[in-house]
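Grab a viewer and work through a few short exercises on the model below. Each one comes with a worked solution, so try it yourself before reading on.

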Amino acid sequence: MDRIRTVSAFVGRWFAVIVLAAGALALAVPDAFSGLTVAIPWLLAVIMLGMGMTLRPVDFAIIARRPWALLLGVAAQFFVMPLLGFGIAVALGLSPMLTAGMILVGSVPGGTASNVMVYLSKGDTALSVAMTSVSTLLAPVLTPLLVLVLVGESLPVNAGALFVSIVQIVLVPVVIGLVLRMIVPRLVERFLDVLPLLSVAGITVVVAAVIAASASTLLSIGVLVVVAVILHNSLGLTLGYYIGRLFGLPVASRRALSFEVGMQNSGLAAALAVAHFNPVAALPAAIFSVWHNVSGSVLASYWARKDLPSDEVSESLPVTARA
């Protein structure tokens, strides 16, 4: 197990580099990876099963203790990011498919990587975990609704099919993982150190598959999509923090909102884009998957060097439990 922890720590530290290298390889030899798109939903289901296995009922206790902060964070996430995705796509004149991809990235729930960034930044990790969990459980309803409203005028959207996909890829695996953690906790805890490796492997394959399947589009307009993704992520991180400040949340909670709003479950967005649109629509998600880990790590490192106010106490969970 010590060796697995060492490998897991290494992979977690170099996650963005690993995914970037896989994407570059897929761009260079797309024929070797394009056939992997059919595996994307299954890979995401395995990742979400792992997320469910890291959860415990106590993670939801914050709903009763601090419902206002949680509701504010979840509302900000599902309001700010979809509108940012739509606005940036329109401002940059992206194609309907890429616009749909930007909106999908903004409309999915937060990713578990945000929990690690919040922990490293001395933020409110308990709030972060609760936000990720609640937004994930709300996703089957809110994500199709947001996509239907924002994309429906330019592309046909089957909200019912999106709902079914999210239930299959997200809700069912998460609930199974949570139940397993409750029924056989000792067995599940033996595998917790392996989960980060599975997550990194899954996201790496997703990114490689998406880039390979849409290599020609990426080569022709890649810079524009990268700019769109960087703006989307950066504005999400910034607005998340200042929304928390506007509503009087403590600094630790503001940091949690920043990461939860700005970092998305881009793997899920890619899976939905491939299943319900086409691989071109998944490009923003694939690029987002790399970039938000880079920007998140930089911001977490910056905040980690800035002490919280003396009257604040940040609730933290071990990194290995949330990677």
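**Exercise 1: a residue in α9**

Ile-166 has a relative accessible area of 0%, so it counts as buried. Keep in mind that this is a predicted model. Your task: find where Ile-166 sits and how far it is from Pro-140 in sequence and in space.

Solution.
- Step 1: locate the residue. Ile-166 belongs to helix α9.
- Step 2: check the partner. Pro-140 is 26 residues away from Ile-166 along the chain, yet their C-alpha atoms are 5.3 Å apart.

**Exercise 2: the salt bridge**

Work out how many salt bridges the structure holds, and say whether Glu-189 and Arg-181 are buried or partly exposed.

Solution.
- Step 1: count. You should end up with 1 salt bridge.
- Step 2: name the pair. The side chains of Arg-181 and Glu-189 meet there, at 3.8 Å from N to O.
- Step 3: classify the acid. Glu-189 has a relative accessible area of 41%, and because the partly exposed class runs from 20% to 50%, that is where it goes.
- Step 4: classify the base. Arg-181 comes in at 11%, which is under the 20% cut-off, so it counts as buried.

**Exercise 3: the nonpolar patch**

Find out which helices each supply at least two residues of the nonpolar patch on the surface, then place Val-184.

Solution.
- Step 1: collect the members. Among them are Leu-137, Val-172, Ile-183, Val-184 and Phe-191, and the patch as a whole has about 910 Å² of accessible area.
- Step 2: sort by element. Helices α9 (159-183) and α10 (185-191) each give at least two residues, with the largest share, 7 residues, coming from α9.
- Step 3: place Val-184. You'll find Val-184 in the loop between α9 and α10.
- Step 4: test Val-184 for membership. A patch residue needs over 30% relative accessible area; Val-184 has 31%, so it clears that cut-off and is partly exposed.

**Exercise 4: the second largest pocket**

Describe the lining of the second largest pocket: which elements contribute, and what is its makeup by class?

Solution.
- Step 1: get the volume. The second largest pocket comes to about 200 Å³.
- Step 2: look at the centre. There are 14 lining residues, and those closest to the centre are Leu-20, Ile-211, Val-226, Ile-287 and Val-290.
- Step 3: assign elements. Two or more lining residues come from each of α2 (15-28), α11 (195-213), α12 (215-246) and α15 (283-304). Helix α2 has the largest share, with 5 residues.
- Step 4: tally the classes. The lining has 13 nonpolar residues, 1 polar residue and no charged ones.

Technical notes:
Residues are numbered from 1 along each chain as its sequence is written. This is a predicted model: local features need pLDDT of at least 70, side-chain atom pairs count only at pLDDT 80 or more; totals for chains, interfaces and linings use all residues. Side-chain values use heavy atoms; hydrogens and water are left out. Patches are made of residues with over 30% relative accessible area and no salt bridge: like charges are joined within 9 Å, nonpolar side chains (Val, Leu, Ile, Met, Phe, Trp, Tyr) within 5 Å. Accessible areas come from the Shrake-Rupley method with a 1.4 Å probe; for residues, only the protein chains shown count as cover. A salt bridge is a side-chain nitrogen of Lys or Arg within 4 Å of a carboxyl oxygen of Asp or Glu. Helices (H or I, at least four residues) and strands (E, at least two) are DSSP runs, numbered from the N terminus. Buried means under 20% relative accessible area, exposed over 50%, partly exposed in between (1.4 Å probe, protein chains only). On a 1 Å grid over the protein atoms alone, a cavity is a set of points where a 1.4 Å probe fits but cannot get out, and a pocket is an open set with protein on both sides within 12 Å along at least five of seven lines; lining residues have an atom within 4 Å of a point. Grid points are joined across faces, edges and corners, and a volume is the space filled by probe spheres set on the points. Ala, Val, Leu, Ile, Met, Phe, Trp, Tyr, Cys and Pro count as nonpolar, Asp, Glu, Lys and Arg as charged, and the others, Gly among them, as polar.
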